[in-house]
Amino acid sequence: MKDVVVIGAGKIGGAIALMLAETGHYNVVVTDRDQAQLTKLDNHPAIAGAAVDITDKAALIDLLRGKFAVLSAAPFNLTGKVAEAALEASVHYLDLTEDVATTKKVEELSKGADVAFIPQCGLAPGFISIVANDLAKRFDTLDSVRMRVGALPQYPSNALNYNLTWSTDGLINEYIEPCEAIVEGKFVTVPAMEEREEFSLDGVTYEAFNTSGGLGTLAKTLEGRVRTMNYRTIRYPGHQAIIKALLNDLNLKNRREVLKDLFENALPATMQDVVVIFVTVCGWKDGRYLQETYANKVYASVVAGKKMSAIQITTAAGIMTVLDLLASGKLPQKGFVRQEEVALTEFLSNGFGRVYDPEALRLKQAV
């Protein structure tokens with residue numbers, strides 16, 4: 001049994017706690033400053049709640065001491081404080097952040113640490129980097145790496161063709177902050193919400209456009225080896241144009257609290273969602289110019305006896321698979337660990353990681 005702490009008792013933190021507890025391999029303490037959130041946790045003998053304000057560094061360090069790992073499902077602006085406490089408490093650190101600045105801070109903290117620091121363990125960044133790196137390794141010479149991910153409602157019914165499925169703060173951050181990319185072999189930053197494209201998958205048309213954070217550390221890893229590399233968020237057509245009007249014409253990019261209030265009070269949340277993953281890598285192998293693609297859709301379903309959204313399942317599965325691989329000694333035990341250091345075969349063979357395996361999902365549906 002491994003003792004772990006999950007930071008944040010929201011939808012993602014609660015899903016992580018339940019799924020870890022159900023394995024029988026983990027005892028989980030979930031901490032949140034909001035006692036009301038803790039009362040919503042599933043009743044399970046391997047789950048305990050602890051009301052701690054993570055800005056109280058001493059209290060957080062005290063909670064972490066003696067644990068195997070801490071998994072941060074806190075808002076991106078608080079994740080750095082969890083990393084600092086993990087360093088002082090000497091526990092392994094994993095997070096779900098897409099924030100570039102936070103990840104750079106985590107990397108700095110990891111230098112010389114005797115425990116592992118593994119940021120960006122969710123869907124994108126996270127699993128998307130593991131897939132892209134695996135595809136990239138199949139080529140002698142790389143040309144392009146294109147990564148596309150979207151968490152979408154199954155039944156869009158408003159002008160934005162969108163429902164809230166995860167952190168509003170994280171969503172806004174992706175829509176506003178600069179995006180990393182490789183253009184003609186050079187590592188650059190490009191503006192969010194630009195370079196719109198359309199594509200079809202399973203007969204459904206989607207749009208995709210630049211958003212921040214999705215590349216994770218993979219851009220730096222592949223810099224100098226690939227001509228073009230980018231990450232774009234997937235939405236249904238029409239979404240980008242309206243969001244750009246809100247951000248630019250109404251200047252809500254500089255009034256985030258107003259934008260957050262609009263989203264949370266005008267866009268209903270939904271548990272009926274689908275996560276679309278589309279990764280395409282082109283390059284040369286044995287003298288031929290070839291393409292390799294990973295395409296998958298993950299739907300909301302019942303997990304551990306509880307209805308969970310697709311974004312809950314995929315995000316929780318990402319960080320829990322990495323935790324399992326760390327606990328079994330299949331990942332470095334100290335210092336900074338990048339998502340692309342995780343082998344795709346080991347990820348998909350893990351009990352949590354199987355939710356990302358298209359072949360396993362097809363077999364399950366056929367039974």
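Which helices and strands each supply at least two residues of the lining of the largest pocket? They are α1 (11-23), β2 (26-32), α4 (76-89), β7 (141-153), α7 (168-176), β12 (228-235), α10 (256-266) and α11 (310-327). Helices (H or I, at least four residues) and strands (E, at least two) are DSSP runs, numbered from the N terminus.

A note before the views: this is a predicted model, with local features needing pLDDT of at least 70 and side-chain atom pairs pLDDT 80 or more, while totals for chains, interfaces and linings use all residues. Residues are numbered from 1 along each chain as its sequence is written, and side-chain values use heavy atoms, leaving out hydrogens and water.

**View 1. The largest pocket and its lining.** Here you're looking into a space of about 1400 Å³. The lining is made of 49 residues, and A73, A74, P75, W166 and S167 are the ones nearest the centre of the pocket. Sorted by class, 21 of the lining residues are nonpolar, 17 are polar and 11 are charged. (Ala, Val, Leu, Ile, Met, Phe, Trp, Tyr, Cys and Pro are nonpolar, Asp, Glu, Lys and Arg charged, the others, Gly among them, polar.) On a 1 Å grid over the protein atoms alone, a pocket is an open set of points with protein on both sides within 12 Å along at least five of seven lines; a cavity is a set where a 1.4 Å probe fits but cannot get out, and lining residues have an atom within 4 Å of a point. Points are joined across faces, edges and corners, and volume is the space filled by probe spheres set on them.

**View 2. The largest cavity.** Search the whole structure and you find one cavity of 30 Å³ or more. The largest cavity holds about 40 Å³ of space. Around it sit V100, C179, E180, T211, S212, G213, G214, L215 and Y231. That lining splits into four nonpolar, four polar and one charged residues.

**View 3. F127 meets Y294.** The structure has 10 aromatic pairs, and this view picks out one of them. The ring centres of F127 and Y294 are 5.7 Å apart and the planes are at 65°, so the pair is edge-to-face. (Rings of Phe, Tyr and Trp, the last by its six-membered ring, pair with centres within 6.5 Å; planes under 30 degrees apart are stacked, over 60 edge-to-face, the rest tilted.) F127 sits in helix α6 (residues 127-136) and Y294 in strand β14 (residues 288-299), so the pair ties together parts 167 residues apart in sequence. Both F127 and Y294 are buried, meaning under 20% relative accessible area (over 50% is exposed, in between partly exposed; 1.4 Å probe, protein chains only). Ring pairs also join F127, Y294, F347 and Y356 into a cluster. Helix α6 holds A136 too, a residue that counts as buried at 3% relative accessibility. A136 and E292 are 156 residues apart in sequence, yet their C-alpha atoms are 8.5 Å apart in space.

**View 4. Two polar contacts from buried side chains.** N210 belongs to strand β11 (residues 204-210) and is buried, with a relative accessible area of 2%. A polar atom of the N210 side chain is 3.3 Å from the backbone oxygen of P191. T31 is in strand β2 and is buried as well, at 1% relative accessible area. Its partner is V52: the V52 backbone nitrogen lies 3.5 Å from a polar atom of the T31 side chain. (A polar contact is a pair of N or O atoms within 3.5 Å; within protein, one must be able to donate a hydrogen and the other to accept it, and residues adjacent in sequence count only if both atoms are side-chain atoms.)

**View 5. Backbone features in two loops.** Most residues other than glycine have a negative phi, and most peptide bonds are trans. In the loop between β6 (116-118) and α6 you'll find P125. A cis peptide bond joins A124 and P125, with omega about 5°. Q120 is in the loop between β6 and α6, and has a positive phi of about 60° without being a glycine. At 4% relative accessibility, Q120 counts as buried. N161, in the loop between β7 and α7, also has a positive phi, near 50°, in a residue other than glycine.
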